[in-house]
Amino acid sequence: MSKDKEKRQNEINAREEINADEYGDIFPGRIRFPRHTPCTLALSVSGLYEWNWWIMRPIPIHPRIPKTSPIPRSPGLLPYESLEGGEDYDVGETTTANETEAFSPILPWYFKREELRLDVDGRYPQMTASGTMFSGLSIRVHWIASLAKVGKNKWSGDIWYKHGSTVNLPYTKVKITATPSFFGNQRKVTVVFSGGKGMSRMITYKYKSRYFHPVEFEFDRVGGAPCVTSVETTAHPNHPAGMASETLTIENVYCRAGFNVSKAGGDDTIPLSEAGANARWSDMEMHDAMQIYWSKFADKAQWSMWVLFASLHDSGTSLGGIMFDDIGPNHRQGTAIFGDAFIANAPSGDAAPDAWVRRMRFWTACHEMGHAFNLAHSWQKELGTPWITLQNENEARSFMNYPYNVSGGQSAFFADFEYRFSDSELLFMRHAPSQFVQMGNADWFDHHGFQQANVSADPGYKLEIRVNRKKPIFEFLEPVVVELKLTNISSEPLLFDPALLSSGQDITVILRKEGRPARQWAPFAKYCSASSITVIESKKSIYHPLFVSAGVNGWDIAEPGIYLIQVAIKNDEEYIISNPLTIRVAPPHGYDEEFIAQDLFSEDVGRVLALNGSRFLDTANNALSEVVERLPKSRVAYHARMALGNPLSRDYKLLTLDKGKGLKIFKKDVKGATKELDAALIENISDSTETLGHINYKNIVDSYCEFLSGEGLDDVAAKCQGEMHKEFTTRQVLQSVLQQILDTQKSYGSKS
Amino acid sequence: MALVTIDLQEGFANDTVVIRLNAQEVFRRENVTTRLQIGLADRIEIQTRERSSEVEIELPIKKLVVTKEIACEKDIFLGVTFHAGGKLTLREQLCEFWYA
């Protein structure tokens, strides 16, 4: 087949994948009857459906006296939804339809949006429905349900997966009724959510697309390198019996997997010089080429990928292709196929070597592109922490399996290979939270953290990470102190070295800001202490605070946004892994906070806060003094005062390198220390307890009381302990801790 | 003279790997980690004049060792995999391992 003919055939095939009822997706508002598709297909109901609810807020160009109009009503909602967030609605700025000409543009004031993916017919149906609910700008919850047919166009099933703000989705069951139609704009699906603690809820979604997600491919090739983007399915005699004979393109493969595929760019040819001196490609060279030649390159998540057809990788003929893009902040955007690697050599004696090679090149292209959708190899499904519990599929006839690794080798593989992905892979691509699948979003093989940790199958401990506040929201500039709670969940007493929690040597903290790659927290200090193994009784816990905002890598938690924190402790050769904790850093309140941020987010200030003060790092102390002066009521001011006051409460040794001076001693400043620490710890005890964290707060107060006692101020120390007892009682701190505080208070009281 | 190619394949995560050929250490590397998209962590090529040799792969921190007697009349390719259950296996073939 000539190249032109082949190209035309590919275009026809790609078009045929677009069902006639899809016409409205591409040309909105235009309706066309299906021509080539049987009625049964045209009446399929699988696809993407959407429901939107917007409250509009008009922005006037010229001031007008507003007239009132009815409040937009939310369609199809039972009381559970009723005008949530309605206090934001401003009737004073509404308008009538006649006035809209004078108003432009119209922006959403508040919106809710929901997507539904119904997957019950068409190619490889997974008998699954999934949905994503977007509410406001930050709430997102994703659910998946398995379905069974209960009538004509009716399905029901249990919701078995939830992700995100799951509190907004209390339901456990769905009942789905689809209304099929030849016309896209008349298709709809009604879902009744029930079960759980919420009232049942009914919502009707409008048809949007036959596909579950869009995706865009750009194919670039190196001059002279083989570029195979289509295959004759029966060209090689070894194929499944009954396989349809057709010219299958890469676009067809992904259309059948549920994606609305489009092509981007002009399928450019890249000069070989981009590969460096040896004409082979390293990952870095390919990454550079991707940035130059990919018309859609951007450092952001998008449903778009770049595919490079080249001759050979640096590592030689044993590498047929690679999803090379695990570099930089946005992974899985680029993938490469090496057409002259082993895939160019048919087994000796093969009946149709040319067809074998073409098929292997096609398989490799689809395989590498599958990695860009975050699909692992078939035998790696159980590795790490998959999005759901998966089983390895060592014998799967899937694009993600190696043909030569199955029992019977590649000939056995291709005898049953139907140019498709396995069901578990289709479930992931179609129904997993889109951020796990979308290119440039979740890092390669990493949407769960600690992917390779050796976790005990029968853990004796449970590690929790938490913050001592109702909602895990931190003010802008507020240092983040988390609390670790390690509980012996076995039925026996266990030996544990508490230093593992505090040393910094055996603890790994992963921090990830939403939309950014994960970072590992590197503490300012690591302590090498003698092992002090203690017994933790069954069901008992030990605790430790951790200041995680900053470390030697800089300020990992600083900018406003949502952060995920997870901790692992290495105990012998096994890891104890915490729950992931999501916190939010609020935006700044005003100019002062933004201005101070420039000085506060420095290494010196991070160090001073982490180490509870310094009398040497003057720049940091000046920055903290400015915080106290300009933002006295802010949460960060408590940390600043504590760091400023603490070193004043003791004689402070400073080793100087100035000639003849050596060790310099700063005498303690009782008045200064008392002023700062009183303000930090006692004046607004509720706020300071919350921001410093219970354990941290108690440690600091105990230390402060020792200082006060040393100055003969036992009565003040007793009062401090009393205030702490009162606050901790309100906060329902452990009885044993409260008793300890009472005992300490008594001891100071008896001295005064 | 034959070339022994040893591919450290699946399951490695920041591991220290030591390889000995006929009791002589020929390779030691820390932080060996499988690149999951190709299922390969590292490749080591060793020339040997012996007609047969004993290859030993050790993960000292995990206290795991696997040994294999190999014929070295032709070039030989070994694939080493660390399984989640704590088992180290060694696969032998006469053509190179393929990755994609």
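**Entry 1. Chain B**

I looked up the surface of chain B first: about 5000 Å² is exposed, and carbon and sulfur atoms supply 44% of that area. The model is a predicted one, and I read every value below as computed from it. I then asked how much of chain B is buried, and found that 51% of its 100 residues count as such. For secondary structure I noted zero helices and eight strands in chain B. Read from the N terminus, the elements of chain B run β-β-β-β-β-β-β-β. For contacts in chain B between residues at least 6 apart in sequence, I noted that 53% join residues at least 24 apart.

**Entry 2. Chain A as a whole**

I took the surface of chain A next, and it comes to about 34900 Å², with 52% belonging to carbon and sulfur atoms. Chain A has 752 residues, and buried ones make up 50% of them. I noted 19 helices and 32 strands in chain A. Among the contacts of chain A with a separation of 6 or more, residues 24 or more positions apart account for 66%.

**Entry 3. A sheet of three strands**

I picked out an open sheet in chain A with the strand order β18-β20-β25 and antiparallel pairing. Which strands are at its edges? I found β18 (461-466) and β25 (541-547) of chain A there, each pairing on one side only. From one strand to the next, the twist averages 20°. Strands of a sheet pair through backbone hydrogen bonds, either parallel or antiparallel. I checked one pair by its bridges: β18(A) and β20 (residues 481-488) of chain A are antiparallel over six bridges. One residue pair I wrote down from there is Glu464(A) with its bridge partner Lys485(A) in β20(A).

**Entry 4. Cysteines**

How many disulfides are there over all chains? My search of the whole structure gave zero. I then looked at individual cysteines. Cys720(A) is buried at 4% relative accessibility. Its closest cysteine sulfur is in Cys705(A), 4.6 Å from the sulfur of Cys720(A), and that is too far for a bond. The cut-off for a disulfide is a pair of cysteine sulfur atoms within 2.5 Å. I also noted Cys366(A), which is buried with a relative accessible area of 0%.

**Entry 5. Helix α11 of chain A**

I listed the buried residues of α11 (residues 591-600) of chain A: Glu593(A), Ile596(A), Ala597(A) and Leu600(A). Seen down the axis of α11(A), these fall within an arc of 120°, so they line one face of the helix. I looked at the other side of α11(A) too, where Tyr591(A) and Gln598(A) are exposed. What covers the buried residues of α11(A)? The cover includes β27 (554-555), α12 (603-610), α13 (618-630) and α14 (635-645) of chain A.

**Entry 6. Strand β17 of chain A and its partners**

I went through β17 (residues 334-338) of chain A residue by residue. Five of its five residues are buried, so the strand is largely enclosed by the rest of the structure. In a regular strand the side chains alternate between the two faces of the sheet. In β17(A) I found Gly334(A), Ala336(A) and Phe338(A) pointing one way and Thr335(A) and Ile337(A) the other way, with all of them buried.

I then looked up the pairing of β17(A). With β15(A) it pairs in the parallel sense over five bridges, and Ala310(A) has Phe338(A) of β17(A) as its bridge partner. With β16(A) the pairing of β17(A) is antiparallel, over two bridges. There, Ile322(A) stands opposite Ala336(A) in β17(A).

**Entry 7. Gly320 of chain A**

Where is Gly320(A)? I found it in the loop between β15 (304-310) and β16 (321-322) of chain A. Is Gly320(A) buried or exposed? At 0% relative accessibility, I count Gly320(A) as buried, the limit for this being under 20%. I listed the residues that Gly320(A) touches, leaving out those up to four places away in sequence: Ile337(A), Phe338(A), Ala341(A), Phe342(A), Ile343(A), Thr364(A) and, from chain B, Tyr99(B). Two of these neighbors, Ile337(A) and Phe338(A), belong to β17(A) and point opposite ways from it. I also looked up the distance from Gly320(A) to Ala341(A): they are 21 residues apart in sequence and 5.2 Å apart in space, C-alpha to C-alpha.

Notes. Residues are numbered from 1 along each chain as its sequence is written. Chains are lettered from A and ligands numbered from 1 in the order in which they are written. This is a predicted model: local features need pLDDT of at least 70, side-chain atom pairs count only at pLDDT 80 or more; totals for chains, interfaces and linings use all residues. Side-chain values use heavy atoms; hydrogens and water are left out. Helices (H or I, at least four residues) and strands (E, at least two) are DSSP runs, numbered from the N terminus. Buried means under 20% relative accessible area, exposed over 50%, partly exposed in between (1.4 Å probe, protein chains only). Contact means heavy atoms within 4.5 Å. Accessible areas come from the Shrake-Rupley method with a 1.4 Å probe; for residues, only the protein chains shown count as cover. Two strands pair if DSSP finds at least two bridges between them. Axes are lines fitted to C-alpha atoms, for helices over the stretch in contact, and angles run from 0 to 180 degrees between N-to-C directions. The arc is that of the directions from the helix axis to the C-beta atoms.
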